[in-house]
Amino acid sequence: MTKEELETQYSPSKWSLRRVKDVIEVHIQATSDATHNAQAATKTLLNVPYGLGEGEKLDVYLPKEPSQTFPLVLYIHGGYWQLLSKEVSGFAARPLVTHGIALAAVDYDVAPKGQLEEMVRQVRRSVAFAVQQYTWISDVYLLGHSAGAHLAAMVLSTDWTEFDVVPNIKGAFLVSGVYDLEPIMHTYVNDVLHINREVVQSNSPLQRAHKLEGKKGCRVLIAVAQHDSPEFHRQSWEYFEAVRSAGWSASFLDIADRDHFDVAEKLSQEDYVLTQVILNMISGE
């Protein structure tokens, strides 16, 4: 397979590579507008540092009338580890806070400033910080899209001993994720990431599925959009099978009439099928 063919595998199937840049700009505008709407409608704690690095900050969206304790969803943005930020990542907050659930949009240092292994450490650090800092958290849930789903999946295989805390992660919602980094090495994405085979092996969730053994208290939803590329479908299904084989409670959702970008954008809408699935999983239904 040529480099161009590999790159096409990571592009939404109904677009050519030439259109992807324009589609990303539309995606950023949509998530930015929805984030601003969420900030206007909720109580927020913005730019909360979870570490010492400039990019290690959270934007937290809280219910206006919270109960004594309530769940927290940590949203980890995508952007192929080189785009986007928490400033455009609060778009899913409004339906959640309406149901008494907080959301924290996680920032991390994207490439070229950040290296992939450090991004993984940062996201893990953000989870540890949240459960240590906020005593009102009842349960923790992870929500990641695209590269963010990769980072969320890496959190699931964390050895928490170095963080002096074991977060009560009750669920993970992984949307249109990347779980096998090996093909990435041969695409344009690696022109910025500069990952090698060692990094691939230690940071591919499919390679680390054995680390999930014995951790049975978390429900994992792996979702993919109908119009995601065949490569996203392949990796999503294989990771679903790996998680299930490790003994975890896992489910798979193929979302009709959605593409790689609007499958996440629609999370700003309460009546969207994925929003409803997330709300039902958190409520225990």
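This is a dialogue on how to read several features of one predicted model.

Trainee: Before looking at any detail, what does the chain average in pLDDT?

Mentor: Because this is a predicted model, it is sensible to begin there. The chain averages a pLDDT of 91, and 91% of the residues score at least 70. Over residues 1–7, however, the pLDDT is below 50, although this stretch has 13 contacts in the model beyond near neighbours in sequence.

Trainee: How many salt bridges does a search of the whole structure find, and how should I read one?

Mentor: The general idea is that side chains of opposite charge can pair when their charged atoms come close. In this structure the search finds 12 salt bridges. One of them joins Glu 238 to Arg 234, with N and O 3.0 Å apart. Glu 238 is partly exposed at 31% relative accessibility, and Arg 234 is likewise partly exposed, at 29%.

Trainee: Where do Glu 238 and Arg 234 lie in relation to each other?

Mentor: In general, an α-helix has 3.6 residues a turn, so residues three or four places apart point the same way. Here, Glu 238 and Arg 234 both belong to helix α8 (residues 230–245), and because they are 4 residues apart in that helix, about one helical turn separates them.

Trainee: Are the partners in the salt bridge between Asp 262 and Arg 258 buried or exposed?

Mentor: Both Asp 262 and Arg 258 are buried, and their closest N and O atoms are 3.3 Å apart. The pair Asp 109 and Lys 113 gives another case, with its closest N and O atoms 3.9 Å apart: Asp 109 is buried, with a relative accessible area of 15%, whereas Lys 113 counts as exposed at 55%. Salt bridges can also be linked in a network, as they are for Glu 56, Glu 118, Arg 121 and Arg 125.

Trainee: Which residues touch the most other members of the largest nonpolar core?

Mentor: As a general idea, in soluble globular proteins, nonpolar side chains tend to be buried together. The largest nonpolar core of this model has 65 residues, and Trp 81, Leu 156 and Leu 174 touch the most other members. A second, separate core of 30 residues includes Val 97, Phe 173, Val 175 and Ala 264. If neighbours within four places in sequence are left aside, the contacts of Trp 81 include Leu 116, Met 119, Ala 147, His 150 and Leu 151.

Trainee: How many residues of helix α5 are buried?

Mentor: Helix α5 (residues 147–156) is mostly covered, with 10 of its 10 residues buried; among them are Ala 147, His 150, Met 154 and Leu 156.

Trainee: At what angle do the axes of α4 and α5 cross?

Mentor: Two packed helices are described by the angle between their axes and the distance between the axes. For helix α4 (residues 116–133) and α5, the axes come within 9 Å and cross at roughly 65 degrees, and the crossing is right-handed. Residues including Leu 116, Met 119 and Val 123 of α4 make the contact with His 150, Leu 151, Met 154 and Val 155 of α5.

Trainee: Where is the place of Phe 163?

Mentor: Phe 163 lies in the loop between α5 and β6 (169–175), and at 14% relative accessibility Phe 163 counts as buried. Its C-alpha atom is separated by 6.5 Å from that of Ala 128, although the two residues are 35 residues apart along the chain. Beyond its neighbours within four places in sequence, Phe 163 is in contact with Arg 124, Arg 125, Ala 128, Gln 132 and Thr 158.

Key: Residues numbered from 1 in each chain as written. Predicted model: local features only at pLDDT ≥ 70, side-chain atom pairs only at ≥ 80, totals over all residues. Heavy atoms only, no water. Salt bridge = Lys/Arg side-chain N within 4 Å of Asp/Glu carboxyl O. Buried < 20%, exposed > 50% of the residue type's maximum accessible area, 1.4 Å probe, protein only. Helix = DSSP H or I, 4+ residues; strand = E, 2+ residues; numbered from the N terminus. Core = buried A, V, L, I, M, F, W, Y, C linked by side-chain atoms within 4.5 Å. Contact = heavy atoms within 4.5 Å. pLDDT = per-residue confidence, 0-100. Axes fitted to C-alpha atoms, helices over the stretch in contact; angles between N-to-C directions. Left-handed = near helix turned anticlockwise from the far one by under 90°.
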